[in-house]
Amino acid sequence: MKITIVGTGYVGLVTGTCFAEIGHDVLCVDNDERKIKVLKSGQMPIYEPGLEEMVHRNVASGRLKFSGSIEEGTAFAEVIFIAVGTPPGYKGQANLSYVEQVGRKVAEHMTGYRLLVEKSTVPVNTAEQLKRTVAKYSRSDIDFDVASNPEFLREGCAIDDAFKPDRIVVGVESERAGKLLQAIYDPIVKKSGCEFLQMNIASAELTKHASNSFLAMKISYINAVSRVCELAGADIEQVAHGMGLDKRIGPRFLDAGVGYGGSCFPKDVDAFVHIADHLGYDFELLKEVQRINHSQREHVMKKIQHELWVIQDKTVAVLGLAFKPETDDVREAPSLYFIPQLLEARARVKLWDPVAQEKFKELHPTLDYYSDIVECAKDADLLLILTDWPQVKGMDLVKIKGAMRCPVIVDGRNLFDPEDMKNRGFTYHCVGRA
Ligand SMILES: NC(=O)c1ccc[n+]([C@@H]2O[C@H](COP(=O)([O-])OP(=O)(O)OC[C@H]3O[C@@H](n4cnc5c(N)ncnc54)[C@H](O)[C@@H]3O)[C@@H](O)[C@H]2O)c1
């Protein structure tokens, strides 16, 4: 089938490439001309494991193309996925201006039936607005449908998630739209055996916000328990392990640390709270999730302050700028909280990350970046771990200790065993453990 994807970012590029990989003809559209130029030249605007080879393979086969023209995208295919950003608005509500813009442009250019699919994460009832917009800006004799198909992929393992999803959720209100989406996903459903869930549009939209907010809640819950552990002399790793073996709870998202970040959880929880409020429900539970997440960062910052006493003129080596391993995405990453705080307190910061430095440099161009962990740790008074990259977990602790001015580690990801670190001569601060 022919498919247009509008928005060629972390979601759009992965989705479009995976659709091409299973045999569809895909045109990925973006209004960022620079991004389209980069892609046309065979380079990648983002880092996602395995993506580059797959893009090259599908471009070579002629099944994957790129364009800066929404007009071309509208003409290309009957089904148009909207995968543009939905960043936080000024009061925490989702900023839907990019979604609206795509709806309007498609409406202006379409000459026959089109199915517009919301793949971007949007608040419940967005489809109603999108439908109104398309109807307003299109010719009245042209038939169209709007559908919801929320995306659940995780950066860092997005390709695996696309081919082996836990479930595919679609929200439709016409048989035609349901059949088109079923045909698109059929190869993935057949191969992975995942469930293809068809529901009404509002339910599909809500499933996404409810899922992400639940996961954020799990993280805030374990972080709150970690605080009690610190006060009670318990070990959060042992507690989480004991909890996670209960099948009703499960082991994932029970890692205490510096709290959740990234381009999804913070804004999606915000947007869910906001839309619930707008609909007449005060989602106090999620407000507390947000408060705990913020307070966890402050708590780790206090550990740094307590250890260094005076931060001014101290050297802090920061390991990990991305919000999680295997991605270069720094949106709402913990590094964007800690590094400005350290700079404000007049520390010298040295930064290491294997793939996210370029994205971080766009925000902080003049800081000191290192490609080698030991070089980064050299002469540091404190080493701060913010991302659980395997390279950090596997770093040579003897060399790190030898390089640092003071062997002090504040580990926001609980990567090491406190007893072992003590035996190695480190002052080791972590989260939720004695
Ligand atoms: N990143 C994730 O892990 C993830 C996972 C699931 C869902 N989502 C959701 O998917 C959506 C996209 O997220 P992302 O991380 O891919 O964002 P992104 O910022 O990486 O990509 C969005 C792209 O849309 C383009 N764009 C914006 N307006 C446009 C327009 N009018 N016409 C054409 N292109 C336009 C931008 O230039 C950008 O390249 C968001 O709603 C997000 O919440 C993201």
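Trainee: Leaving aside its neighbours within four places in sequence, which residues is Leu 342 in contact with?

Mentor: Keep in mind that this is a predicted model. Leu 342 sits in the largest nonpolar core, and it is one of the three residues that touch the most other members there. Skip its neighbours within four places in sequence, and the contacts of Leu 342 are Met 301, Ile 304, Ile 311, Val 316, Val 318, Ala 347, Val 349 and Leu 384.

Trainee: Apart from that core, how many residues does the other core have?

Mentor: In soluble globular proteins, nonpolar side chains tend to be buried together. Here a separate core includes Ile 5, Ala 158, Val 170 and Val 189. Its residue count is 42.

Trainee: Is Asn 149 buried or exposed?

Mentor: First find Asn 149 in the loop between β6 (144–148) and α7 (158–163). Its relative accessible area is 1%. Buried means under 20%, so Asn 149 counts as buried.

Trainee: Which side chain does the side chain of Asn 149 join in a polar contact?

Mentor: The Asn 149 side chain also reaches the backbone oxygen of Val 169, at 3.0 Å, but you want a side-chain partner. Among the residues that Asn 149 touches are Phe 81, Glu 118, Lys 119 and Tyr 185. The side-chain polar contact, at 2.9 Å, is with Lys 119.

Trainee: How far apart are the end C-alpha atoms of helix α11?

Mentor: Try predicting it from the 15 residues of α11, which run from 265 to 279. The expected span is 1.5 Å times one less than the number of residues, so α11 should span 21 Å. The model agrees with that, because the end C-alpha atoms are apart by 21 Å.

Trainee: What covers the buried residues of α11?

Mentor: Quite a few α11 residues are buried, including Phe 265, Val 269, Phe 272 and Ile 275. Just after the helix, Gly 280 takes a positive phi of about 110°. As for the cover over those buried residues, it includes α9 (201–232) and α12 (284–308).

Trainee: Which three residues supply 74% of the area that domain 1 buries against domain 2?

Mentor: The domain assignment gives domain 1 as 2–198 and domain 2 as 295–429, and their C-alpha centres lie 37 Å apart. The contact takes 8 residues from domain 1 and 10 residues from domain 2. Between them the domains bury about 720 Å², with 42% of it on carbon and sulfur atoms. On the domain 1 side, the three that supply 74% are Tyr 10, Tyr 47 and Glu 155.

Conventions
Residues are numbered from 1 along each chain as its sequence is written. This is a predicted model: local features need pLDDT of at least 70, side-chain atom pairs count only at pLDDT 80 or more; totals for chains, interfaces and linings use all residues. Side-chain values use heavy atoms; hydrogens and water are left out. A nonpolar core is a set of buried Ala, Val, Leu, Ile, Met, Phe, Trp, Tyr and Cys residues joined through side-chain atoms within 4.5 Å. Buried means under 20% relative accessible area, exposed over 50%, partly exposed in between (1.4 Å probe, protein chains only). Contact means heavy atoms within 4.5 Å. Helices (H or I, at least four residues) and strands (E, at least two) are DSSP runs, numbered from the N terminus. A polar contact is a pair of N or O atoms within 3.5 Å; within protein, one must be able to donate a hydrogen and the other to accept it, and residues adjacent in sequence count only if both atoms are side-chain atoms. Domain bounds come from an automatic or database domain assignment. Buried area is the accessible area (1.4 Å probe) that two parts lose on being put together, summed over both.
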